[in-house]
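Got the structure open? Let's go through some of the labels people put on it and ask what earns each one.

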Amino acid sequence: MVSSFSNSAVWLYHESGISSLYNTGRDAWFIILSRTCRMFAFGAVSLTIALFFSELGFSDFQIGLFMTLTLLGDVFLGLVVTLMADGLGRRRVLFAGGLLMAISGSVFFIFENFWILLFAAVVGVVSAGGGDFGPFRAIEESMLSHITTPEPRPHVLSWYVTSSSLGSALGTELAGRFVEAMKEREGWTLVNIYHATFGIYIIMGGLNMVLSASMSNKCEIDEHGDEVLEDELTQGLLGNSDSDDTPNSPEIPQQSSVPQKNTGRFSQISSSTRSVMYKLWFLLTVDSLADGMVSYTLTTYFLDRKFHVSKATLGDIMSAAYILGTLSGVFAGPLSHHIGLLNTMVFTHLPSSAAVLLFPIPNGLVLTIILLFVRVGLNNMDQAPRAAFIAAIVKPEERTAVMGITSTLRTLAMASGPSFTGALAGSDRFWIAYVVGGSLRILYDLGLWAMFLNVRLHAHEAGKEDANPRRDVPDEEGEVNHQHAS
């Protein structure tokens, strides 16, 4: 019996991806903890920021405009920072992000003027919708992809998403409890309480600075190492499974040994990578537009307006939803190993999209909460496979730029959503945002399946496989990644 328990524990240790996370090293822990702290603050404020603005007397249109312009600020910041991050130093950029987060939190802790708050949110690090839409997630995902190989990467990225979801859930739960507890104290108005919640931004920003300073130089791009691979390795990137039996052609050496000039990061992205990413960027733009229309912050506002529940109850509902998302995120890594990255992305996101479409229909709170749980519970399961999927089709030296552009385009698309929803909410047509948003998300899922079913993965990482992999991992075409490596 002891032996059986021991075998089960060992199996769970490997299958859950904990072994992959442990073997990756301390830098992975620092990166994951950094985002967890950031998402703790984002989750706490996502519960109260729209309510805070409403209490200050801002109109629904102003609330939507604030979220839109904040996301536009994230677009500019994300594009500039991610294209320069590898040159400036990834750890330095993350340190600066923690500093901006603390400064923004200080402004919201003190001021009430709409334009001052808007300026702090646009130039700083403030999550208007509860998500991580700035440049720092793209940099962190690039760092995790850099310090991992294809075998453990989905597991490590899965724990990256899972732990951040847990941080967001805890932040939302504690914020709801904090607001209700402080309402019982004399001398505390709702405005003062909402101001106080931004103190968590200051604390978590400081922790982000400490964690980024603790990371090693292994997180930085090695421009002189073995990461610079031939463009020819990605020529078969879009080849279908019918041509997989054709022997691989020998690598063709570069025609010139003269070093290329260090031009802009975007210009260094190869044409083979762009041909794939243009399609994915279009689909992610559609999905992000939908997410911007029905963000978690706006969903909290929708529930408050429709059912008038207490802030503690609202916090409990959102926290429970985030916890479900956290638990489901644990299974994203193992599931992607068993059924493939693309299948995991599509078949976990599609039910979540359907839940968004149906969300405004029930008149009772219970059915509405069930749909919310389905949406949030499954929504995170495509995030780690998506990051691993991008890392699998992009050359290592291109990852930070590609992931940064991806984040920028997603944020730009998301920026137009809140204003549209704010206008609908102001005219008592809030429900239309969920119908449109859910429909767009479903189109994204179906388009992803149709366009990327035959994409070949890890073509550029033939020399970076695990030396002693636990087991072979099937890619999206049903072939084996660890085959005939020479």
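Q: How many disulfides does a search of the whole structure find?
A: Zero. Keep in mind that this is a predicted model. A disulfide needs a pair of cysteine sulfur atoms within 2.5 Å, and the search of the whole structure finds no such pair.

Q: Why is Cys-219 called buried?
A: Its relative accessible area is 0%. Buried means under 20%, so Cys-219 gets the label. Cys-37 has a value of 10%, so it counts as buried too.

Q: What makes Arg-90 and Asp-86 a salt bridge?
A: Their side chains meet with N to O at 2.8 Å. The cut-off is 4 Å, so the pair qualifies. Arg-90 and Asp-86 are both buried. The structure holds 13 salt bridges.

Q: How do you know that Arg-305 forms a salt bridge with Asp-428?
A: The closest N and O atoms are 3.5 Å apart, and that is within 4 Å, so the label fits. This pair links distant parts of the chain: Arg-305 sits in helix α12, and Asp-428 in the loop between α18 and α19, 123 residues apart.

Q: Why is Asp-428 called exposed, but Arg-305 partly exposed?
A: Exposed means over 50%. Asp-428 has 62%, so it passes. Arg-305 has 28%, which falls between 20% and 50%, so it is partly exposed.

Q: What makes Asp-382 count as buried?
A: Its relative accessibility is 2%, so it's under the 20% cut-off. Its salt-bridge partner is Arg-386, which is also buried, at 8%.

Technical notes:
Residues numbered from 1 in each chain as written. Predicted model: local features only at pLDDT ≥ 70, side-chain atom pairs only at ≥ 80, totals over all residues. Heavy atoms only, no water. Buried < 20%, exposed > 50% of the residue type's maximum accessible area, 1.4 Å probe, protein only. Helix = DSSP H or I, 4+ residues; strand = E, 2+ residues; numbered from the N terminus.
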